[in-house]
Amino acid sequence: MSCEKAYITTPIYYVNDIAHIGHAYTTIIADTLARYSRLAGMETFFLTGTDEHGQKIAEAAKRKGETTQAYANKISATFKDLWDDFDISYDKFIRTTDEEHMQGVQKAFSTMHKNGDIYKDTYKGHYCISCETFFPSIQLVDDEFCPECGKSTTIVEEESYFFRLSSYEDKLLAWYADTPDCILPRSKKNEVIRFVESGLQDLSITRTSFDWGVKLPEDMNDPKHVMYVWLDALMNYVTALGYGTDDKNMDFWPARVQLIGKDILRFHAIYWPAFLMSLGLPLPKHIAAHGWWTRDGEKMSKSKGNVVNPKEVADAYGLDNFRYFMLREVPFGGDGDFSQKALIDRINSDLGNDLGNLLNRVIGMSGKYFEGKVDSSNVAKYYQTELDEVHVSLDKLEPLLYEMQIHRYLEELWRPLTVANRAIDKYEPWNLIKNGKEEEAMALNGLISAILAKVSVMLYPVMPKVCTKIADALHFTIDNVSFEKLGKGTSLLEPFTLTKIDPLFPRIEEPLLTQIEPEDKKSVTQKAKETKVETTEGIALIGIDQFFQTSLKVGTVVKAEEVEKSKKLLLLQVDVGESEPRQVVAGIKEWYSVDDMLNTQVCVVANLKPAKLMGMLSQGMLLAAKDENGLCMIRPEKTKLAGTPIG
Ligand code: MSP
């Protein structure tokens, strides 16, 4: 047993929206890691909670006609209720409106100020309320729209306190260089490094144009300022441990793993460590960024109306099955399209055929030949080769989990099940009995039971309820002791009498949720591979490998219209060789008329995530070149079939 401490965090969720499967995904991964750490004997603290300040929340409450606090209370409770319903094993649920949290944030502000990292100036620039982020004009789309979510930005000019982020460039780069695994998957770290290398600007960390936020510490004597929501929010990871108040659990810091989605990597991999350095606190051991759950290639979000409700899915298909599916289906860091078909395949195949059937087989075998008794005494005598194979797989598991390769952890965990199923087919217990080899048959019974026990100990962090049922049937308990002996060690089960249980994974023939649109026939993994595009998070520099991830195609403009009230935009329908033309909103009106564009050919970036411009969906981008004399389209020299790839 180790007495190491493990602090595991999820992001805190905005309360402008109820939870969808993207939020459930982050929380379920963190819960799995927390359960594993506890099983491995680590003293574990698992934090989740809600992010309740900022303009976005204030505006959402206003739209609902509620006070901001009442609105935040209501939505925060829906998150907490969902996690309780999902049996998420959090140790603390923090709210940024908690008094202790706000005190801690003020303490942090004072400390950074004392350390010379905060100064007052005027901020002038563009702010996206939806992303709660400032953007330099160079990053805006059409000089106005947010490069992250496509929504219109607001020009802000106000007095503000700034954090000297620029002075942390070298220290951040040194941290990335010295700690190879500080950001996982490692490919994501390169994006961050390129961003920091391109130069960091100081960060505006207070606002004066609204008041729904943490006030500055009193000794600043500046009551009109409230803290920038990301400073407030990021601090939750230490205020939850008592930073700035009683410091009660600060010995859990630094975090072992901070789990986030890739969209908030910049905040966690740049701002957060810089804040911590300023406060003189150690940096987290790992920041792990997962990909997005999408519907038809688009990030799931309520504003796009494409969300899948995690509770409905878990209620219909079983919570543990849903947990297994999410963690097994998509490689950590990659995107995945949600589909009921893929979920059903996983349940019927991996869970039903490989795991559930094995349990049924051993229940059947021991019931028929041995009155339910299982004795492992002679397993090594007859089946050492199989045991060795099983232990080779089990030994590989922990490093995979620590590298956040959870899908590979599960893949590897399935190998012992294959060994077990193969052993039954190969040694045919019914023939062993027929030929009087009872000892060998009983040993086979012991082997299969031991494999099931070992797998269920190591699967417990992902499927706690199902594995507890298997352990009950096999008369052992999943705890630190069985983890060491059965999961990591080579022990087998003590003699016992099997308890019959109902099949764990009844076969599912049809999708159970009719309100989710029917899926296409491709598997999720296949689709994810096709649609996966690494975001550059506003980073200008890319490597050649990333360039080749861009799909460029020749397109023919089959329809062109003006966009009312826009001086810049044309609305185009562009045939790129697919069943339907793509709608592209292009900022070219100053240089091209509708007639200039109609029936001409263009070059289209065809695998950009769709974005909304002035409320219209844009499903691609046209290549063009712009200098002081204006803009010109890049077009193929000769007419080519619509959809012809470029490159
Ligand atoms: N409040 C901030 C986080 C502050 S942490 C100091 C925030 N909140 S959020 O509610 O918008 O998102 C929380 C988490 O959910 C993020 O990690 C985000 O990546 C994740 N997801 C939101 N939509 C998602 C998908 N469609 N798929 C997977 N995860 C996604 O950001």
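How many helices and strands are there in the protein?

1. **Overall content.** The protein contains 22 helices and 28 strands. The model under discussion is a predicted one, and the remarks below should be read accordingly.

2. **Dimensions.** Along the principal axes, the C-alpha atoms occupy a box of roughly 95 × 70 × 50 Å. The radius of gyration is 28 Å, which agrees with the value near 26 Å that a compact globule of 647 residues would have.

3. **Burial and contacts.** Of the 647 residues in the protein, 57% are buried. Among contacts with a separation of 6 or more, 74% are made by residues 24 or more positions apart.

4. **Surface and charge.** The exposed area of the protein is about 27,900 Å², and 50% of that area is supplied by carbon and sulfur atoms. The protein carries 75 positive and 94 negative charges, and the mean positions of the two sets are 2 Å apart.

5. **Nonpolar cores.** The largest nonpolar core comprises 190 residues, of which Trp83 and Trp253 touch the most other members. Helix H17, spanning residues 438-459, provides the largest share of this core, with 13 residues. Another core lies apart from it and has 17 residues, including Leu570, Ile588, Val594 and Met597.

6. **Tryptophan 253 and the bond that follows.** Which residues does tryptophan 253 contact, once its neighbours within four places in sequence are left aside? They are Tyr7, Tyr237, Val238, Leu241, Gln258, Trp272, Leu276, Leu281, Pro282 and Pro284. The peptide bond from tryptophan 253 to proline 254 is cis, its omega being near 5°. Proline 254 belongs to the loop that runs between helix H8 (236-239) and strand E12 (257-261).

7. **A further cis bond.** The peptide bond from leucine 184 to proline 185 is also cis, with omega near -10°. Proline 185 is placed in the loop between strand E8 (183-184) and helix H6 (186-197). Such bonds merit a note because most peptide bonds are trans.

8. **Positive phi angles.** Most residues other than glycine have a negative phi. Aspartate 142, which is not a glycine, nevertheless has a positive phi of about 55°. This aspartate 142 sits in the loop between strand E6 (133-135) and strand E7 (154-163). Glutamate 371, likewise not a glycine, has a positive phi of about 50°. The loop holding glutamate 371 lies between helix H12 (340-370) and strand E17 (373-374). Is glutamate 371 buried or exposed? Its relative accessibility is 64%, so glutamate 371 counts as exposed, the threshold for that class being over 50%.

9. **Serine 376.** Serine 376 is found in the loop between E17 and helix H13 (379-402). With a relative accessible area of 7%, serine 376 is buried, as the cut-off for burial is under 20%. Serine 376 and glycine 446 are separated by 70 residues in sequence, yet their C-alpha atoms are 4.3 Å apart in space. Not counting residues up to four places away in sequence, serine 376 touches Gly446, Leu492 and Leu493.

10. **Arginine 164.** The loop between E7 and helix H5 (169-178) contains arginine 164. A relative accessibility of 32% makes arginine 164 partly exposed. Apart from residues up to four places away in sequence, arginine 164 touches Gly116, Asp117, Tyr119 and Asp202. How far apart are the C-alpha atoms of arginine 164 and methionine 463? The separation is 45 Å, and the two residues are 299 residues apart along the chain.

11. **Histidine 290.** Histidine 290 is part of strand E13 (residues 286-290). It is buried, with a relative accessible area of 4%. Leaving aside neighbours within four places in sequence, histidine 290 is in contact with Tyr25, Thr26, Ile29, Ile260, Gly261, Lys262, Phe332 and Gly333. Histidine 290 and alanine 420 are 130 residues apart along the chain, with 33 Å between their C-alpha atoms.

Key:
Residues numbered from 1 in each chain as written. Predicted model: local features only at pLDDT ≥ 70, side-chain atom pairs only at ≥ 80, totals over all residues. Heavy atoms only, no water. Helix = DSSP H or I, 4+ residues; strand = E, 2+ residues; numbered from the N terminus. Rg over C-alpha atoms; globule rule 2.2 N^0.38 Å. Buried < 20%, exposed > 50% of the residue type's maximum accessible area, 1.4 Å probe, protein only. Contact = heavy atoms within 4.5 Å. Areas by Shrake-Rupley, 256 points an atom, 1.4 Å probe, with all protein chains shown as cover. Lys, Arg positive; Asp, Glu negative; His and termini not counted. Charge placed at Lys NZ, Arg CZ, Asp CG, Glu CD. Core = buried A, V, L, I, M, F, W, Y, C linked by side-chain atoms within 4.5 Å.
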